[in-house]
Amino acid sequence: MFQLSLVLVLLLPAFALAQTSSKGSIDVNSSLTITDNDTPTPWLSPGEDFAFGFRNVNENTDQFLLSIWYNKIPDRTIVWFGNDGNTVSRGSRVQLTADRGLVVTDPKGKQLWNSGKISDQAQVSHALFNDTGNFQLLSSDSTKLWESFSYPTDTLLPTQIMPTGGVLYSRRNKNDFSRGRFQLRLLEDGNLVLNTREILTNFAYKAYYISGTYDPSKPLIQVTKFCLMIQVTYKF
């Protein structure tokens with residue numbers, strides 16, 4: 001039996017070779033590298049509730065996922081991942097850069113992913129990784145330039161907000177974090193829907209769950225933030 005789970009937790013009151021950071025604060029140019037022999041500590045939030053780094057998501061392979069995970073529970077549940085869920089091999093690195101933010105490169109130095117071009121008016125000075133699980137890139141005057149909370153993958157954490165137009169995707173399977181068949185979407189009309197999609201084209205099929213939160217008297221403006229706790233499990 002194949003089981004696919006989409007877990008959301010909303011609005012409730014790994015490996016490093018070169019790094020320059022104290023808990024929760026990471027200096028620009030710091031990096032984490034997956035090596036053949038070393039298993040150094042990932043970057044941690046101040047209370048060590050969350051960790052950021054590379055995780056081996058399949059014990060049978062040497063493939064690693066750039067991710068954020070719960071650090072104090074036995075399952076070490078992954079709650080965010082970069083590089084569109086694609087894994088990387090040993091020798092790969094993630095570096096905090098001033099102009100491109102987080103940059104993942106392969107063992108030959110080829111760029112595989114980055115968190116996005118930083119504003120022409122500002123550069124990254126440091127990163128702040130807090131105990132909500134949010135990884136933020138900040139300028140020298142502490143202006144927020146990028147944050148993981150704005151790019152959710154398959155999970156929302158306490159204090160994280162899903163705006164209208166937001167989408168969460170299930171993963172393909174337990175060890176494949178690329179986007180799967182199921183979507184959770186908050187539509188512009190205020191309805192929260194669950195639907196399947198065509199993976200190749202991203203075509204969304206008819207929703208099999210609709211929250212019914214659309215208000216015809218207030219089209220397109222009723223819901224601007226989404227907050228609840230839900231766990232959806234599919235078995236087939």
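**Pockets, sheets and hairpins of an all-strand model**

By class, nine nonpolar, eight polar and four charged residues line the second largest pocket. Here Ala, Val, Leu, Ile, Met, Phe, Trp, Tyr, Cys and Pro are nonpolar, Asp, Glu, Lys and Arg are charged, and the others, Gly among them, are polar. The model is predicted: local features need pLDDT of at least 70, side-chain atom pairs count only at pLDDT 80 or more, and totals for chains, interfaces and linings use all residues. Residues are numbered from 1 along each chain as its sequence is written, and side-chain values use heavy atoms, with hydrogens and water left out.

The protein has 21 strands and zero helices. Both are DSSP runs numbered from the N terminus: helices are H or I of at least four residues, strands E of at least two. Of the 236 residues of the protein, 43% are buried. Buried means under 20% relative accessible area, exposed over 50%, and partly exposed in between, with a 1.4 Å probe and protein chains only. The exposed area of the protein is about 12,300 Å². Carbon and sulfur atoms supply 50% of that area. Areas come from the Shrake-Rupley method with a 1.4 Å probe; for residues, only the protein chains shown count as cover.

The second largest pocket has a volume of about 370 Å³. Its lining comprises 21 residues, of which F81, D84, P152, T153 and R179 are the closest to the centre of the pocket. On a 1 Å grid over the protein atoms alone, a pocket is an open set of points with protein on both sides within 12 Å along at least five of seven lines; a cavity is a set where a 1.4 Å probe fits but cannot get out; lining residues have an atom within 4 Å of a point. Points are joined across faces, edges and corners, and a volume is the space filled by probe spheres set on them. Four strands each give at least two residues to the lining of this pocket: β8 (78-81), β11 (111-114), β16 (167-173) and β17 (176-186). The largest share, four residues, comes from β16.

The largest cavity holds about 40 Å³ of space. V79, W80, G133, S148, F149, P152, T155, L157 and Q160 line this cavity. Five of these residues are nonpolar, four are polar and none is charged. P152 is thus found in the lining of the cavity and among the residues closest to the centre of the second largest pocket.

The strands around the pocket were examined next. β8 belongs to an open sheet of four strands, ordered β5-β6-β7-β8, with antiparallel pairing. The edge strands of that sheet are β5 (43-44) and β8, each paired on one side only. Two strands pair if DSSP finds at least two bridges between them. β8 and β7 (64-70) are antiparallel over three bridges. In this pair, I68 stands opposite W80 of β8. W80 also lines the largest cavity.

β16 and β17 lie in an open sheet of four strands with the order β16-β17-β18-β19 and antiparallel pairing. β16 and β19 (209-210) are at the edges with a single partner strand each, so one side of each has no neighbour in the sheet. Five bridges join β16 to β17. A hairpin of two residues connects these strands. N173 stands opposite D176 in β17. R171 has R179 of β17 as its bridge partner. R179 is also one of the residues closest to the centre of the second largest pocket.

β17 continues to β18 (192-196), with five bridges in the antiparallel sense. L186 stands opposite L192 in β18. The hairpin of β17 and β18 has five residues between the strands, and G190 takes a positive phi near 100° there.

β11 is joined to β10 (101-105) by three bridges, and the two run antiparallel. V103 has N114 of β11 as its bridge partner. The hairpin of β10 and β11 has five residues between the strands, and G109 takes a positive phi near 90°.

G116 follows in the loop between β11 and β12 (126-129). Because its relative accessibility is 23%, G116 counts as partly exposed. Its neighbours within four places in sequence set aside, G116 is in contact (heavy atoms within 4.5 Å) with R100 and G101. The C-alpha atoms of G116 and L102 are 7.9 Å apart, with the two residues 14 apart along the chain.
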